[in-house]
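The following exercises concern a ligand site, a helix and two backbone conformations. Each task is followed by a solution in steps.

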Amino acid sequence: MSQHTAAHPVPALRRVVVTGSAGFIGSHLSRALIQSGTKVVGVDRRDPGTDATAGANLARLRERPEYVHITADLRDCSIEPLLIDADVIFHLAGVPGVRPSWGPRFGDYLSSNVLATHRVLEACSRIGTPRVVVASSSSVYGPTDGAASAETDRLAPASPYAVTKLAEEQLCLAHSGKLGGPSVVALRYFTVYGPRQRSDMFIHRALQAALTGQPLRLYGDGHQRRDFTYIDDAVTATIAAGAIPAAHGPINVGGGATASLLEIINIANGLVGRDIQLEYDHAHSGDVITTRADLGRAHKVLGWQPLVDLHSGMRAHLEDLASQHPSLSRAA
Ligand code: NAD
Ligand code: UGA
């Protein structure tokens, strides 16, 4: 499936760096890049030899000669040697998650999302890396009136996490304005899901609850809506952002439609053939009611649009989860 119009052919990338490559989005991106013939240096502070999630995310990738994995923390490692001869750095490393950013972990959010990004950008300027694609977030918009958010809208981050993602994005734009600075695209991903989605995220938890029969904790009334984005769509947009010469600035990457958490639960129930047992919990601070992406700029600049609808994406996600737990049989 191609997601690009003829007006925006995506040139092949020769050699790139992917930070956060042991994570959910980074591991999918790295795999797609090597499949298209690109050599990838993956960098992540999680060691796939000792961290089970990183090991699973990188399982088949590490066998490929086109992929080299470096276990390093971007807050203090030497970054320049990694960048030599790279066409693009896809900087996805960071501490994600809205709700845990209140409280004592904020130092890690700040140092990994902001300080480490500053180090990456300084290294790019010194080495002359032409393009940086950075993972920003729909959370930078904060609460909205429910209308689609465009990149030119006012930003009002409502959680400490969102503040660090906005700072990261702004830092990138400041570096790109410097003489000799890289050209930077900040992708505002909207709640990405699919195989190997982080286990703290809702769709993963809903499908897991449907498969296992264990209860699902619902924060709030379940009417909050997200512009859920399938991982393959997010990856295609990300590669285009690295390769297309004219791309610059923030760009929304959304799934093209919104769904409420209750709708997700209904789809999961239907796919598995068993009703999820719900446990109601309080809504969390910083958790916005609705995210909805205006995809006009993504279409215009990247020639990209999402292709995978929620039902198909959740089915693929479920198949992957079920294959990891063959003992879990479906009710239907
Ligand atoms: P993830 O946690 O699966 O992956 C992030 C990776 O970054 C992890 O493997 C982690 O070890 C690594 N990392 C963190 N700090 C690091 C450091 N200091 N040095 C080296 N490696 C470090 O998360 P994800 O869901 O794949 O998200 C990837 C990026 O996209 C993050 O920056 C996140 O903020 C952003 N994002 C994600 C979503 C989403 O829906 N998943 C939406 C919007 C933005
Ligand atoms: C997700 C990612 O976790 C963030 O890193 C990212 O920046 C953000 O998307 C984004 O789009 O920018 P979020 O939308 O909160 O954040 O995604 P989920 O963690 O999947 O949560 C979605 C909704 O489900 C939230 O309202 C949350 O409160 C709810 N939820 C989550 C539950 O009710 N129960 C759970 O067990 C988990």
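**Exercise 1. The ligand shell**

Among the 27 residues around ligand 1, those that come nearest are Phe24, Asp44, Arg46, Tyr161 and Val192. The model is a predicted one.

*Task.* Characterise the shell around ligand 1 by residue class and by the elements that supply it.

*Solution.*
1. Sorted by class, the shell comprises 13 nonpolar, 7 polar and 7 charged residues.
2. At least two shell residues each are supplied by helix H1 (24–35), strand S5 (131–137) and helix H5 (160–176).
3. S5 gives the largest share, 3 residues.

**Exercise 2. Polar atoms and burial of the ligand**

*Task.* State which polar atoms of Leu92, Ser112 and Lys165 lie by ligand 1, and at what distances.

*Solution.*
1. For Leu92, the backbone is involved: one of its N or O atoms lies 3.0 Å from an oxygen atom of ligand 1.
2. For Ser112, a side-chain N or O atom is 3.1 Å from a nitrogen atom of the ligand.
3. For Lys165, a polar side-chain atom is found 2.9 Å from an oxygen atom of ligand 1.
4. The protein buries 95% of the 820 Å² that ligand 1 exposes when taken alone.

**Exercise 3. Helix H8**

*Task.* Compare the end-to-end distance of helix H8 (residues 261–272) with the expected span, then identify the buried residues of H8 and what covers them.

*Solution.*
1. H8 has 12 residues, and at 1.5 Å a residue the helix should span 16 Å. The expected span is 1.5 Å times one less than the number of residues.
2. The end C-alpha atoms of H8 are 16 Å apart, which agrees with the expectation.
3. Buried in H8 are Leu261, Ile264, Ile265, Ile267, Ala268, Asn269, Leu271 and Val272.
4. An α-helix has 3.6 residues a turn, so residues three or four places apart point the same way.
5. The cover over the buried residues of H8 includes helices H6 (202–212) and H10 (310–324), together with strands S8 (216–219), S12 (259–260) and S13 (278–281).
6. After H8 comes Gly273, with a positive phi near 85 degrees.

**Exercise 4. Positive phi outside glycine**

*Task.* Locate Asp85 and Arg196, and decide whether Asp85 and Arg196 are buried or partly exposed.

*Solution.*
1. Asp85, a residue other than glycine, has a positive phi near 70 degrees. Its place is the loop between helix H3 (80–83) and strand S4 (88–91).
2. Asp85 counts as partly exposed because its relative accessibility is 49%.
3. Arg196 likewise has a positive phi near 70 degrees without being glycine. Arg196 sits in the loop between strand S7 (192–193) and H6.
4. With 17% relative accessibility, Arg196 counts as buried, since the limit for that class is under 20%.

Key. Residues are numbered from 1 along each chain as its sequence is written. Chains are lettered from A and ligands numbered from 1 in the order in which they are written. This is a predicted model: local features need pLDDT of at least 70, side-chain atom pairs count only at pLDDT 80 or more; totals for chains, interfaces and linings use all residues. Side-chain values use heavy atoms; hydrogens and water are left out. A residue is near a molecule or strand if one of its heavy atoms lies within 4 Å of it. A polar contact is a pair of N or O atoms within 3.5 Å; within protein, one must be able to donate a hydrogen and the other to accept it, and residues adjacent in sequence count only if both atoms are side-chain atoms. Accessible areas come from the Shrake-Rupley method with a 1.4 Å probe; for residues, only the protein chains shown count as cover. Helices (H or I, at least four residues) and strands (E, at least two) are DSSP runs, numbered from the N terminus. Ala, Val, Leu, Ile, Met, Phe, Trp, Tyr, Cys and Pro count as nonpolar, Asp, Glu, Lys and Arg as charged, and the others, Gly among them, as polar. Buried means under 20% relative accessible area, exposed over 50%, partly exposed in between (1.4 Å probe, protein chains only). Contact means heavy atoms within 4.5 Å.
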